[in-house]
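Have the model open in your viewer and keep the selection box handy. We will go from stop to stop, and at each one I will say what to select and what you will find.

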Amino acid sequence: MKKIDKKIADAYFHARVRLISILLLFWFAVSFGMVLFAETLAEYTFNGFPLHYFMGAQGSIVVFIILLFVNAYISDRIDQKYGLVEKRVKATKGQTLQS
Amino acid sequence: MDTQFLVSLLLIVASFGLYIGIAVFNRARQTSEFFVAGRGVPAIYNGMAIGADWMSAASFIGLAGTVMVLGYDGLAYIMGWTGGYLLLTFLLAPQLRKYGRYTVPEFIGDRFQSKTALVIAAIATIIISFTYSIGQLAGSGVVIGRLFEVDAKVGVMIGVVIIAIYATFGGMKGITWTQVAQYIILILAYLIPVIFMSLQITNNPIPWLSYGNVVSELGELDRELGISEYFAPFESASKWQFIALMFSLMAGTAGLPHVIVRFYTVSTMKAARWSGAWALLFIGLLYLSAPAYAAFSRFILMKQVAGSPIDSLPGWTDKWVNTGLLTMADTSGDGILQWKEIAISNDIVVMATPEIADLGVFVIGLVAAGAMAAALSTAGGLLIAISSSFSHDIYYRIINPRATERKRMSVARWSILIATIVAGVVALNPPGVITQIVAWAFALASGTFFPALILGVWWKRANAPGVIAGMIVGLVVTLTYIFLAKYGGFTILGIIDTGAGIFGAISAILTNVIVSLSTKPPSQKLQDEVMDLRYPEQLTFKDGEVWKDDRVI
């Protein structure tokens, strides 16, 4: 066990919270946002669909899936930046959080 | 006994033989090298296993029919059941994974250090799983009813017997490779008919790209008939109902005990994130196809069935009329079956369409096998959740802490049996269509577990009195609203029974926050444990300081 600077640990936490907040904004826009403006979207068509129907049946779900993969990928990068890579071997000195 | 009966039965039996075979094979291996060699299951397969757990009768049998009947308004189910995975994966799964308890009631009991909270959570688990399993039993009634060409009620009774035997043997839960096989069969059984219908109607083998024009054409057919267009928004209920239902399904997804449990089987927070992403990709495949299924079914019904003479209807109609879920009556007396004279239950659309479109005995049988797997496996898992909540959390922890292992096992067996029979009795006369019944279970989860878990993980100040009051208020408000809206005609902003979760969640969060703030904060140790959830496994929060574990995990 090694003590690490609380500030760095907090920076890690804030980086994750920021990421999640941004992704949830997109989530809200493609779900609740699209429903709130369904009547307006209905005037447009996309690939044969009325646009509001397309968003509900396909668009929003595809965006959800992309957001989840983006989260997994960026979170891995954040872990890496803070030296939290899961390794089967001992972490080398350069990768620790020690400041 | 016709060919169809034999082929369907054979495919059902063969697919179940496959699941059980894999389970037996894996049990034998587990004792030897399995645990030593492998460090948990790769996220992609865990994602498939989550997908199989998730796809119940509601998704497989009920969803496309609901979208077909409700039009745009039915898409609330599609967006709600997929969007909830973001709340789960972003806000709850990694943290609950780190906390490391086996069930949701156990997490709530330990996080708030309160036996009362644990018991209330156990009771809520029982109520939610019970409601959910009614939907599954109703689904098995549809499949078995069609198979034996009997009333769906008789089908439910046969289903109850099969599920009782199946669940007492421990089901096939928890064995990841069985779940993977089940996912593959489920998704094939769902996609093959959609692709065939797409070829038949649009000459395009990719249904997701081709059905847009079919949706537009359905709107035109509706205009000619003088009814509201298929895709017109908010025709069956208000916009607020759509939003309330979607919220309720999303929050319920994040709070459903039997889904969260799946994330405990992964090894790290990182694995939890990737499993969640893969899970939604695999689940999304079915959810992206359901509206296509719905559009093709409606198109076939409107173009090929409606308008034909009433005395020369094809053979499949009788078999479905026998289940009591389809009525075709020439009420106008002109000898022609009109679109408006067809009353088709949401629950038979997926099962009946392959027959209507004449896709052949094999495809029809495959759909029956997929539907049975969806209904039976989920029902089995839910009944096991009920019995473990009762025998472990309530009986062993509260009523009789000195019970022997054998006594507890027998309590568990009896509670499975009683729960199956009671759920079966309710399912004989289902209080709604499958998706609606399952939506109530989600509303209850969003009114009880969602607030308790979100505040428990993200707000260290939340305490035992707060969570107890919150769960009780959430449960009472949601249940009351469901009953008032369904039987009393009481609604707010046009929100009906299925959207009740939004009121439950709001009142539970408010109660939890107000009661927590007006009572003593939780002990420093509990607050430290919540702080600890901010960091991944390698970091530990203790006495205001963060420690890093350099050991190999």
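Select helix 10 and helix 17 (residues 434-458) of chain B: they pack at an angle of about 60°, with their axes 7 Å apart. Axes here are lines fitted to C-alpha atoms, for helices over the stretch in contact, and angles run from 0 to 180 degrees between N-to-C directions. Helix 10 of chain B and helix 17 of chain B are therefore oblique to each other; under 35 degrees counts as roughly parallel, over 145 as roughly antiparallel, 65 to 115 as roughly perpendicular and the rest as oblique. The crossing of helix 10 of chain B and helix 17 of chain B is left-handed, a term used if the near helix is turned anticlockwise from the far one by less than a right angle, with right-handed for clockwise.

A note before you move on: this is a predicted model, in which local features need pLDDT of at least 70 and side-chain atom pairs count only at pLDDT 80 or more, while totals for chains, interfaces and linings use all residues. Residues are numbered from 1 along each chain as its sequence is written, and chains are lettered from A and ligands numbered from 1 in the order in which they are written. Helices (H or I, at least four residues) and strands (E, at least two) are DSSP runs, numbered from the N terminus.

Now show the side chains at this crossing. Among the residues of helix 10 of chain B that take part are Leu245(B), Leu249(B) and Gly252(B), and helix 17 of chain B brings residues including Phe442(B), Phe449(B) and Phe450(B). Contact means that the C-beta atoms of two residues, placed from the backbone, lie within 7 Å. By class, this helix pair has 11 nonpolar, 5 polar and no charged residues. Ala, Val, Leu, Ile, Met, Phe, Trp, Tyr, Cys and Pro count as nonpolar, Asp, Glu, Lys and Arg as charged, and the others, Gly among them, as polar.

**Next stop: a second helix pair in chain B**

Select residues 349-356 and 361-399 of chain B, which are helix 14 and helix 15; their axes are 9 Å apart and the angle is about 170°. Helix 14 of chain B and helix 15 of chain B are therefore roughly antiparallel. Helix 14 of chain B contributes Val350(B), Met351(B), Pro354(B) and Glu355(B), and these meet Val363(B), Ile364(B), Val367(B) and Ala371(B) of helix 15 of chain B. The class count for this contact is 7 nonpolar, no polar and 1 charged.

**Over to chain A**

Color chain A by secondary structure and you will find 3 helices and 3 strands, running β-α-α-β-β-α from the N terminus. Of its 99 residues, 35% count as buried. A residue is buried if 20 or more other C-beta atoms lie within 10 Å of its own, exposed if 12 or fewer, and partly exposed in between, with C-beta atoms placed from the backbone.

**Where the chains meet**

Which element of chain B gives the most to the side that touches chain A? Show the whole contact, with 47 residues from chain B and 47 residues from chain A. Helix 12 of chain B gives the most to its side, with 11 residues. By class, the side of chain B that touches chain A has 29 nonpolar, 10 polar and 8 charged residues.

Add helix 3 (residues 51-81) of chain A, which packs with helix 12 of chain B at about 170°, axes 9 Å apart. That makes the two helices roughly antiparallel. Residues to display include Phe64(A), Leu68(A) and Asp76(A) from helix 3 of chain A, and Arg273(B), Trp274(B) and Tyr287(B) from helix 12 of chain B.

**Last stop: a sheet across both chains**

Select strand 1 of chain A with strand 3 and strand 4 of chain B: 3 strands form an open sheet in the order 1(A)-4(B)-3(B), with antiparallel pairing. Two strands pair if DSSP finds at least two bridges between them. The edge strands are strand 1 of chain A and strand 3 (539-542) of chain B.

Strand 1 (residues 2-4) of chain A joins strand 4 of chain B over 3 bridges, and Lys2(A) stands opposite Lys548(B). On the other side, 4 bridges join strand 3 of chain B to strand 4 of chain B; Thr540(B) stands opposite Trp547(B), and Lys542(B) has Glu545(B) as its bridge partner.

Stay on strand 4 of chain B for the side chains: Val546(B) and Lys548(B) point to one face and are buried, while Glu545(B) and Trp547(B) point to the other and are not. Finally, add helix 1 (residues 6-36) of chain A, which lies across the three strands at about 85° to strand 4 of chain B.
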